[in-house]
Amino acid sequence: MSSVRVDAWASGDAYEPYVGRWSRLAARELLTWLAVPSGAEWLDVGCGTGALAGTILDVAAPGRVQAVDSSTAYVRHARRHITDPRAAVFAADARALPQRSRSVDAVVSGLVLNFVPQPGAAAAEMARVARADGVVAVYVWDYADGMQLMRYFWDAAAALDARARELDEGHRFPLCHPDALEALFRGAGLQGVESRALDVPTRFADFDDYWTPFLGGQGPAPGYVAGLDGAQRAALRERLRAALPVARDGSIELVARAWAVRGHPAPSEARRHHA
C-alpha cells in the first residue's frame with residue numbers, strides 16, 4: 001500500500017463538489033431549526049468554503065455575518081465567493097476567537113468541530129462570544145451511519161484494506177453522535193441543550209458524479225484515495241460501483257444525515273459578563 005494522505009484542506013474548488021454542495025442543504029435545515037430573528041449578528045466558526053455563511057446570507061436575513069477559518073486557502077476561496085457587504089471573512093483559530101465576549105447573536109459551525117484538535121476549547125469559545133439571549137449551534141456528519149456517501153466509501157475501502165478502518169471518520173470521530181455533542185455543549189456551560197438529525201437527499205447523476213469528487217484530495221476519504229496507486233484506486237472504484245444502489249437511469253439516490261446540537265448561554269454566566 002502506498003502512503004496515505006488524510007485531512008488535507010487546501011483547495012476550496014475540490015471540496016465544493018465533494019461535500020460543500022451537500023453542506024448547504026444541511027445548513028438550510030439547521031437555520032430553519034434555529035429560527036434566529038432577522039437583523040441578527042452571526043459568527044460562522046470554521047467556515048471552510050463558506051457554505052454555511054453563504055446560506056445564512058441567502059435565507060436568514062442577517063444584519064452581519066462574520067466567518068472565520070484556520071485555513072488561509074479556504075478563507076481566500078470564501079472571500080472570492082462571498083461578496084455580500086454584510087459579510088466579513090478572515091483567518092482565526094476556533095479555539096481562540098477574536099470576537100468580544102457576549103457580542104454575537106448566533107454562533108454556528110458546520111462540519112468542522114470534529115476536526116478541531118480541542119473541540120471542548122472551541123465549544124467554550126463559541127459559548128463565550130454568544131450574547132445572553134443568543135444561541136450556539138453546530139452540525140457534523142453522522143459518519144458512523146447516516147452519511148451514506150461516506151459510509152459506502154469506507155465500507156468498500158475496509159473490505160480491500162484493513163488499515164482503512166483506522167482512517168474511517170465513523171471510527172475516528174465518536175464526537176459525531178448526539179449524546180457526545182450534547183455533553184460537549186453542557187461542558188461548555190451552555191443550557192437548554194438539545195440535538196436533532198438533519199437529513200438531506202444526495203442525488204448523483206451517475207457513478208462518475210459520485211466518484212470524481214473523491215479524487216480531489218480534500219478531507220479524509222479523498223486523502224486516502226490520493227495515497228493509493230492506480231491498481232488500488234481502480235479496485236476501490238469498481239467495488240463501490242458494485243455496492244452502490246444505481247437506478248435504471250444510472251442515478252444514485254442516497255441520504256446525508258448530520259447531527260445538530262444547540263444551546264444557550266447560562267443566565268448566571270450572562271449576568272457575570274454584564275456586571
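1. Start with helix 2 in this predicted model. With five residues, helix 2 gives the most to the lining of the second largest pocket. Helix 1 is also on the list of elements that give two or more residues there, alongside helix 2.

2. Now the second largest pocket itself. Its volume comes to about 170 Å³, and 14 residues line it. If you want a spot to centre your view on, pick Gly54, Thr55, Leu57, Asp58 and Ile82, which lie nearest the middle of this pocket.

3. What sort of residues are these? The lining of the second largest pocket divides into six polar, five charged and three nonpolar residues.

4. Next, the largest pocket. Here the volume is about 540 Å³, and the lining runs to 37 residues. Nearest the centre of the largest pocket you'll find Gly46, Asp69, Leu111, Val112 and Phe115.

5. Which elements give two or more residues to the lining of the largest pocket? Two are helices, namely helix 1 (12-34) and helix 2 (51-59). The others are strand 1 (41-45), strand 2 (64-69) and strand 5 (130-141). Helix 1 gives the most here, with four residues.

6. As for class, the lining of the largest pocket holds 22 nonpolar residues, plus 10 polar and five charged ones.

7. One thing to keep in mind as you look around: helix 1 and helix 2 each give two or more residues to the largest pocket's lining, and both do so for the second largest pocket too.

How values were computed
Residues are numbered from 1 along each chain as its sequence is written. This is a predicted model: local features need pLDDT of at least 70, side-chain atom pairs count only at pLDDT 80 or more; totals for chains, interfaces and linings use all residues. Side-chain values use heavy atoms; hydrogens and water are left out. On a 1 Å grid over the protein atoms alone, a cavity is a set of points where a 1.4 Å probe fits but cannot get out, and a pocket is an open set with protein on both sides within 12 Å along at least five of seven lines; lining residues have an atom within 4 Å of a point. Grid points are joined across faces, edges and corners, and a volume is the space filled by probe spheres set on the points. Ala, Val, Leu, Ile, Met, Phe, Trp, Tyr, Cys and Pro count as nonpolar, Asp, Glu, Lys and Arg as charged, and the others, Gly among them, as polar.
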